Amino acid sequence: MARSGARENVQLIAYADRFGGSLPGLRKILDGPLAGVFTGVHILPFFTPFDGADAGFDPADHAAVDPRLGTWADVRALAGEYDLMVDLIVNHVSADSAEFQDVVARGDASPHARMFLTMDDVYPNGATEAELVGIYRPRPGLPFTPVTLGGVRRLVWTTFTSQQIDLNLAHPTGRAHLDKVLSTLAAGGVRMLRLDAVGYAIKTAGTSSFMTPQTLEFIDELTAQARALGVQVLVEIHAHFERQIAIGSAVDRVYDFALPPLLLHSLYTGDADPLRRWLGARPVNAVTVLDTHDGIGVIDVGPDQMAEGHPGLLTPDQVHDLVESIHERSGGQSREATGWAASNLDVYQVNCTYYDALGRDDGAYLLARAVQFFTPGIPQVYYVGLLAGENDMDLLARTGVGRDINRHSYTVGEIEQDLARPVVAALVRLIRFRNAHPAFDGEFEVGGTGSLLTMTWRAGDHTASLEADLANATATLRWTAADGDLHTVGDLLSGELMY
């Protein structure tokens, strides 16, 4: 398979264990039933262990491939065929890591003692009440866990869970860990790094310790370091939309996390104005998603949680109605997976498959994907979304982890069966169209009024346009064919979309 060049083709997001069973199994799916569909893949954590407390985002050894999934040779084999994106988990490692366990046993006598962040590292003279309540955290309570280190009770910094120990990136031992992982990933053929939880990586007394000037300086340094190794960076931050715009100007890529909730709002209400405004203001160097391994973010479109006087893309009432509409469309399933009752999740995200968030309406779902593919940037499709997956309530019941509702483990038979469904076959046609049509190498325009949204790409004599009525979830797609003729499709489910 030919590698992609500068063109921003559609990529897949997948867990190797849940979509193929292993790294070689994932490659077999990409080369087999999905041959020619994707030119890039974001493989979610395959490190040791891939099935820890946070589905691989708490690695004990971030530089090792879990042998149950494969080897670095398997990673390099995928990188030889596809543009490969992998997570650099910047903020933390597992409490079960050999380094942290050595600190637990030996305390300050361990050579790794300064690798991990304690409260004293940031507040050596103590902290005021105002300083502590000013720390930004996506969980209730303070970001500290009492742990006995070498016989001494300490407060270890744990932004997310007590099983995820924050790194002390202001100390050489913490940076040495990150340098080792970065060089290992680059040697594995990774072309883009997703900087997981990087907004929380730098802690500074007297600040929120989230997306501070010190954080931005660190991101600049890490980006330069990655570029020197031939690797681009994608910054993963759920925050107010103005921060997304600001960070987009400083890095290679930034997620457009505002697009998914704005699309749902438009399809629920017929109000396309917030979506249209965002399409005219957003960073163009974005990675677009509708769904990921996390939930559907709503903080990205709401008012600023950290500064008064910064309204969001949606009002608080609109955000509330959006969340309630997701619960309604999903038959209440998303409500069971969202909130403090479901463990290990961010209350600013709603856990639900995007297909269920649209009430399993095939037409609305394909329209949402078409809008995503017409939006400038690199489109990524999550493996559950590729198969128009439904909420996995059995998995949620077994684990009690809210995000597992959207993390189904597919057998090869299930994948082949779902690829034959009309909605999935139509989505694959849309992906192939987005990858092949030359208009997407050109200039983009957005327009429309009221519930009508128009999105057009032009490159020389080539055009591709989407005209959508978001009030009734209908769309018309027009494009110039290879012979120069203008073609039109008014039903995205039909089999007429070819290029």
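**Exercise 1.** In this predicted model, find which residue of E2 stands opposite Ala14, then work out how E2 sits among its neighbouring strands E1 and E5.

*Solution.*
1. Look across from Ala14: the residue in E2 is Ile43.
2. Now the strands themselves. E1 covers residues 11-14, and its pairing with E2 is parallel, with 4 bridges.
3. Keep going from Ile43, and you hit Val86 in E5, standing opposite. E5 spans residues 83-89 and runs parallel to E2, joined to that strand by 4 bridges.
4. What about the link between E1 and E2? Together with helix H1 (residues 23-31), these strands form a β-α-β unit, and its hand is right.

**Exercise 2.** Decide whether the two faces of strand E2 (residues 40-43) are covered or open.

*Solution.*
1. Start with the general pattern: side chains in a regular strand point alternately to one face of the sheet and the other.
2. Sort the residues by side. Gly40 and His42 go on one, Val41 and Ile43 on the other.
3. Check burial, using the cut-off of under 20% relative accessible area. All four residues pass, so both faces of E2 are covered.

**Exercise 3.** Place Arg114: which loop holds this residue, is Arg114 buried or partly exposed, and what does Arg114 touch?

*Solution.*
1. Arg114 belongs to the loop that lies between helix H3 (98-106) and helix H4 (119-122).
2. Its relative accessible area is 40%, so call Arg114 partly exposed.
3. Leaving out residues up to four places away in sequence, the contacts of Arg114 are Asp121, Asn168, His171 and Thr173.
4. For scale, take Phe433: 319 residues from Arg114 in sequence, and 52 Å away in space, C-alpha to C-alpha.

Technical notes:
Residues numbered from 1 in each chain as written. Predicted model: local features only at pLDDT ≥ 70, side-chain atom pairs only at ≥ 80, totals over all residues. Heavy atoms only, no water. Buried < 20%, exposed > 50% of the residue type's maximum accessible area, 1.4 Å probe, protein only. Pairing = 2+ DSSP bridges. Right-handed = clockwise from strand over helix to strand, strands pointing away. Contact = heavy atoms within 4.5 Å.
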